[in-house]
Structures are given as C-alpha cells and as structure tokens.
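Biologist: Hey, got a minute to walk me through this one? I'd like to start with the ligand.

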Amino acid sequence: MFNLVLFGPPGSGKGTQSEKIVSTYKLEHISTGDLLRNEVSRQTPLGTEAKKYMDQGMLVPDEVVIGMISGRIDESPHSRGFIFDGFPRTRPQAEALDKLLDFKNTKIHLVLMLDVPEPNLIKRLLGRGETSGRSDDNEEIITKRIKEYNAKTQPVASYYHEHGKLEKVTGDHSVEDTFKTLTKHINKYLLPVT
Ligand code: AP5
Ligand code: MG
C-alpha cells in the first residue's frame with residue numbers, strides 16, 4: 001500500500017493533480033472538501049454544521065473531519081493506497097491520521113507540497129469561481145482562506161518535514177509539467193498502472 005498526502009494552499013492545484021495521479025496510479029482519492037460539499041448538498045446534519053464554516057472560508061472543526069475520514073478509509077479496504085487531498089489541514093488532523101493508519105498497519109509514505117505564489121492563487125480561484133458554483137468565489141473569502149491556511153495548515157508542513165516525508169514542488173508551471181515533477185517523486189515508491 002502507498003499513501004500520499006497532496007499538500008498546499010487553496011488553489012495550488014491539489015484537486016487538478018489528484019485526478020491525474022488517481023488515473024495514472026489507481027489510488028483512491030480522498031478529498032475532504034469534496035466529502036464536505038457532498039454532505040452540504042444532501043443537507044445532512046454534518047453538512048449543515050460544516051457549511052457555516054465553509055461559507056466563511058474557515059476550517060471545519062477537526063473532530064467533524066476526522067470522523068468523516070475514518071469512515072471513508074474503511075470503505076476501500078483493498079485499495080492500492082490513498083491520496084489525501086486537502087487533509088490533514090491541522091496538526092491534530094495529521095496526528096489523528098497517523099494513528100488511524102497505524103491501526104490499519106500502514107502509514108503516510110510521502111507528502112508532496114505544491115508551492116504557488118499568493119497572487120497566482122487568488123487569480124486561479126477567482127477564475128474557478130466563475131463556473132464552480134462553490135461558495136469561495138470572491139476575493140474576500142479567498143483571502144480569508146489563504147490566511148487560515150497560513151495560520152493553521154502551514155504548520156502541518158513542519159510536522160511532515162520533522163518525519164522526513166515532505167517534498168516541495170513548484171506548482172505554478174503548467175498542469176502537465178507540474179504533474180511530471182510529481183510523478184518523479186511518486187515513481188520512487190509506486191509505478192504507474194499501464
Ligand atoms: P477544499 O475543497 O479542500 O479546498 P482546497 O482543495 O484546499 O482548495 P481548492 O479546491 O480551492 O484548491 P486546489 O488546491 O484543489 O486547486 P484546484 O486543483 O481546484 O476545501 C473547501 C473548504 O472545506 C475549506 O475552506 C474548509 O472550510 C473545508 N475543509 C476541507 N477540508 C478540510 C479539513 N481537512 N479540515 C477542515 N476544513 C476542511 O485548482 C484551482 C484552480 O486553478 C482551478 O481552476 C484549476 O483549473 C486551476 N489550476 C490548477 N493547476 C493549474 C496550473 N498548473 N496552472 C494554471 N491553473 C491551474
Ligand atoms: Mg481542491
């Protein structure tokens with residue numbers, strides 16, 4: 001089993017690159033943003049609670065997200081591995097994920113961090129907002145999300161660096177070039193499924 005965390009600020013391309021990685025390496029994609037948006041659209045109690053935070057560009061509380069992840073991992077017991085997109089976003093989430101995987105006799109093998117300058121992030125997210133139907137489509141919420149990332153999520157990079165798992169990758173080249181760089185790192189652990 002190979003487990004990868006795709007890390008980086010909002011708009012750095014985690015969702016875009018996850019799709020390509022999933023189809024090349026046949027990993028299970030776990031995106032907490034997608035899981036939460038699904039709960040919101042079904043108007044579940046979890047979704048209704050999460051929406052209050054998401055609409056303001058704030059992180060959803062750790063216990064909500066951690067509970068959701070645990071259930072999702074159990075749904076795919078025979079997978080080649082997981083790609084975590086948008087999770088963990090806080091140090092407690094990172095610690096909880098390590099415990100959860102340890103319990104399943106596996107671990108995070110690699111963390112790839114997409115590095116993109118802030119003005120480009122804002123430009124990309126405003127562009128996506130024109131068609132996505134997501135609530136984070138205006139500059140005020142986008143700036144708030146980036147602040148939240150710098151305050152609460154950025155420290156997760158140090159956590160993985162301390163564990164010798166973090167690799168930084170330039171994320172503001174083209175989608176294809178960025179993907180090529182990511183594959184160079186992943187291929188050290190897992191070969192593409194042809
Ligand atoms: P979530 O949906 O996880 O947001 P995110 O994935 O961090 O950020 P984005 O989706 O905004 O960016 P991305 O990096 O995936 O970029 P993308 O590929 O789309 O979270 C939403 C909310 O849910 C959070 O604010 C929070 O409230 C809550 N939440 C989720 N997980 C949580 C957690 N673990 N804990 C607590 N709360 C949580 O690309 C962006 C745009 O750029 C696209 O238009 C794309 O086409 C374009 N693009 C991508 N790559 C390139 C490139 N190389 N060149 C040019 N354009 C590019
Ligand atoms: Mg995303």
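Modeller: Sure, and keep in mind that this is a predicted model. By class, the shell around ligand 1 is made up of 11 nonpolar, 12 polar and seven charged residues.

Biologist: Which residues come nearest to ligand 1?

Modeller: Thr16, Thr32, Met58, Arg89 and Arg128 come nearest, out of 30 residues around ligand 1.

Biologist: And what does the side chain of Arg128 do with an oxygen atom of ligand 1?

Modeller: An N or O atom in the Arg128 side chain is 2.7 Å from an oxygen atom of ligand 1. Lys14 also has a polar side-chain atom 2.9 Å from a ligand oxygen. With Gln93, the partner is a nitrogen atom of ligand 1, and the distance to a polar side-chain atom is 2.9 Å.

Biologist: How much of ligand 1 does the protein cover?

Modeller: The protein covers 86% of the accessible area that ligand 1 has on its own, which is 1000 Å².

Biologist: OK, and where does ligand 1 sit?

Modeller: In the largest pocket.

Biologist: Which helices each supply at least two residues of the shell?

Modeller: Helix 1 (14–25), helix 2 (32–41) and helix 6 (118–132). Helix 2 gives the largest share, with four residues.

Biologist: Let's zoom out. How many helices and strands does the chain have?

Modeller: Eight helices and five strands. Reading from the N terminus, the order is β-α-β-α-α-α-β-α-β-α-α-β-α.

Biologist: Why do you call the chain as compact as a globular protein of that length?

Modeller: Because its radius of gyration is 16 Å, close to the 16 Å that the globule rule gives for 194 residues. If you want a box, the C-alpha atoms fill one of roughly 40 × 35 × 35 Å along the principal axes.

Biologist: New topic: backbone oddities. Which residues does a cis peptide bond join?

Modeller: Phe87 and Pro88, with omega at about -5°. Pro88 is in the loop that runs between strand 3 (82–85) and helix 5 (91–103).

Biologist: And what about phi of Lys26?

Modeller: Phi is near 55° there, so a positive value in a residue that isn't glycine. Lys26 belongs to the loop between helix 1 and strand 2 (28–31).

Biologist: Why bring those two up?

Modeller: Because most residues other than glycine have a negative phi, and most peptide bonds are trans.

Biologist: Got it, thanks!

Conventions: Residues are numbered from 1 along each chain as its sequence is written. Chains are lettered from A and ligands numbered from 1 in the order in which they are written. This is a predicted model: local features need pLDDT of at least 70, side-chain atom pairs count only at pLDDT 80 or more; totals for chains, interfaces and linings use all residues. Side-chain values use heavy atoms; hydrogens and water are left out. A residue is near a molecule or strand if one of its heavy atoms lies within 4 Å of it. A polar contact is a pair of N or O atoms within 3.5 Å; within protein, one must be able to donate a hydrogen and the other to accept it, and residues adjacent in sequence count only if both atoms are side-chain atoms. Accessible areas come from the Shrake-Rupley method with a 1.4 Å probe; for residues, only the protein chains shown count as cover. On a 1 Å grid over the protein atoms alone, a cavity is a set of points where a 1.4 Å probe fits but cannot get out, and a pocket is an open set with protein on both sides within 12 Å along at least five of seven lines; lining residues have an atom within 4 Å of a point. A molecule sits in a cavity or pocket if more than half of its atoms lie within 2 Å of its grid points. Ala, Val, Leu, Ile, Met, Phe, Trp, Tyr, Cys and Pro count as nonpolar, Asp, Glu, Lys and Arg as charged, and the others, Gly among them, as polar. The radius of gyration is taken over C-alpha atoms; the globule rule is 2.2 Å times the number of residues to the power 0.38.
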